[in-house]
2 protein chains.
Amino acid sequence: MEIEYSKIKVIGFDADDTLWVNETYFRDAEQEFAKYLSHYETPNKIDQELYKMEIKNLPLYGYGIKGFMLSMVEMAIELSNNNVSNHTISKILEIGKNMLNKPVELLDGVEDALIELSKKYRLIVATKGDLLDQERKLEKSGLLKYFHHIEVLSDKKEDNYKRLLQHLDIKPDSFLMIGNSLKSDVLPLINIGAQAIHVPFHTTWAYEQVEYKQTENKHYKTVESLKKVIEVLS
Amino acid sequence: MEIEYSKIKVIGFDADDTLWVNETYFRDAEQEFAKYLSHYETPNKIDQELYKMEIKNLPLYGYGIKGFMLSMVEMAIELSNNNVSNHTISKILEIGKNMLNKPVELLDGVEDALIELSKKYRLIVATKGDLLDQERKLEKSGLLKYFHHIEVLSDKKEDNYKRLLQHLDIKPDSFLMIGNSLKSDVLPLINIGAQAIHVPFHTTWAYEQVEYKQTENKHYKTVESLKKVIEVLS
């Protein structure tokens with residue numbers, strides 16, 4: 001069945017791993033973390049335990065780098081049976097600070113796509129994570145001028161999107177979301193009567209992964225880049 | 001000169017220390033932190049150093065409990081010359097987690113004032129801090145039903161308020177902000193042509209304090225509680 005986009009007036013963009021590189025930095029950070037703790041455990045085990053700690057702390061800390069830093073510190077103490085050195089904990093804090101200070105690396109063709117799409121649609125950003133960190137990245141990205149509205153959400157569930165659309169006075173069937181996460185940027189939108197295009201990034205955080213059966217009978221397209229989105233919409 | 005409130009249509013409320021207790025929990029946390037490090041330094045010195053660390057990290061971490069936790073960990077390592085125990089660092093993480101899990105304690109007469117004011121004005125919340133933490137507190141407070149809009153800001157400078165009023169289509173001269181911080185809730189509003197009422201809380205974070213001369217010739221009232229705001233406005 002062909003998907004019809006003629007009603008779309010507003011396009012929402014996810015930010016991390018849709019407009020710019022993000023997950024790669026977390027993977028690098030996890031590797032660095034594992035290296036510092038390599039005399040206690042294998043990289044694989046450290047990775048698994050850190051992930052569990054993040055998920056345990058997620059309801060309290062939410063998404064973003066600061067919560068990730070706090071989970072790394074807690075995990076280092078636990079993994080080392082209270083033996084991790086102050087030096088290593090300082091290094092862990094440094095990993096996080098470096099992440100917060102990273103320049104923004106736009107994905108290929110992003111600005112061209114925004115220029116093109118902004119001629120025909122109202123564009124907004126809907127991202128989750130630390131408020132300040134996301135605002136800083138948007139500022140650094142140079143992309144702010146293409147967007148009518150920036151919304152940083154504490155989560156990206158159906159209710160969050162419903163509230164956002166209501167607040168901006170956007171009818172669900174005139175809204176298209178574009179993002180790399182099936183769980184956060186695609187499925188909740190389809191479920192509230194909006195549309196979505198999936199633009200995968202090569203790396204996906206385990207927590208964002210969905211099982212194949214959750215995507216069955218869901219009406220969305222997957223394309224390989226923002227450039228391809230323009231072709232799909234025209 | 002009498003202040004005229006007849007144009008006011010929308011009232012914005014700060015949240016922390018205006019609707020509910022907040023700063024008190026930070027003071028308690030700082031005391032607990034100083035106790036854990038008491039064999040390294042005097043409470044007074046620890047307090048001063050922690051404050052300096054928070055201000056140093058503020059541009060990177062922003063406001064809120066997670067940044068405060070990270071600053072406490074960093075300060076403990078520095079103050080102890082890399083000698084603080086893993087046990088103490090775990091205790092520091094626990095201080096922060098307890099803060100995040102604290103029940104919301106409404107200030108006296110807040111709900112009555114909101115009931116009364118919502119009959120005549122559109123009410124919004126404009127608060128800064130961690131997004132998830134502020135949303136959680138609003139949820140726990142039971143006050144959500146009185147507000148048309150909740151905005152969590154990364155900072156409360158003139159530009160942040162300008163963008164907010166523009167986004168909500170509110171004319172500055174029809175907007176009144178109510179809050180406990182002269183620096184964040186009063187002066188920036190006066191400077192952009194809106195109005196403000198100052199409702200002090202007994203404890204103010206050093207960073208939020210302003211010098212007397214900054215408030216000279218500024219046109220705002222100070223009242224002792226939200227209940228008194230109703231009298232001023234009627």
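In this predicted model, Asp17(B) is placed in the loop between β1 (10-13) and α1 (23-36) of chain B, where helices (H or I, at least four residues) and strands (E, at least two) are DSSP runs numbered from the N terminus. Residues are numbered from 1 along each chain as its sequence is written, and chains are lettered from A in the order in which they are written. The model is predicted, with local features requiring pLDDT of at least 70 and side-chain atom pairs counting only at pLDDT 80 or more, while totals for chains, interfaces and linings use all residues.

Asp17(B) is not a glycine, yet has a positive phi of about 70°. Asp169(B), likewise not a glycine, has a positive phi of about 60°. A residue is buried if 20 or more other C-beta atoms, placed from the backbone, lie within 10 Å of its own, exposed if 12 or fewer, and partly exposed in between.

| Residue | Phi | Loop in chain B | C-beta atoms within 10 Å | Class |
|---|---|---|---|---|
| Asp17(B) | about 70° | β1 (10-13) to α1 (23-36) | 24 | buried |
| Asp169(B) | about 60° | α7 (158-167) to β4 (175-179) | 7 | exposed |

The largest nonpolar core comprises 66 residues, and those with the most contacts inside it include Met177(A) and Met177(B). Such a core is a set of buried Ala, Val, Leu, Ile, Met, Phe, Trp, Tyr and Cys residues joined through C-beta atoms within 7 Å. A second, separate core of 48 residues includes Tyr61(A), Met72(A), Met53(B) and Val84(B).

Between the chains, 25 residues of chain A are in contact with 25 residues of chain B, contact being defined by C-beta atoms, placed from the backbone, within 7 Å. The elements giving two or more residues to the chain A side are α2 (43-61), α3, α4 (86-101) and α6 (131-141). That side has 13 nonpolar, eight polar and four charged residues; Ala, Val, Leu, Ile, Met, Phe, Trp, Tyr, Cys and Pro count as nonpolar, Asp, Glu, Lys and Arg as charged, and the others, Gly among them, as polar.

One helix pair spans the two chains. The axes of α3 (residues 65-79) of chain A and α4 (residues 86-101) of chain B come within 10 Å and cross at roughly 145°; these axes are lines fitted to C-alpha atoms over the stretch in contact, with angles running from 0 to 180 degrees between N-to-C directions. Leu70(A), Val73(A), Glu74(A) and Ile77(A) meet Asn86(B), Ile89(B), Ser90(B) and Leu93(B). By class, this contact has five nonpolar, two polar and one charged residues.

Terms used
Contact = placed C-beta atoms within 7 Å.
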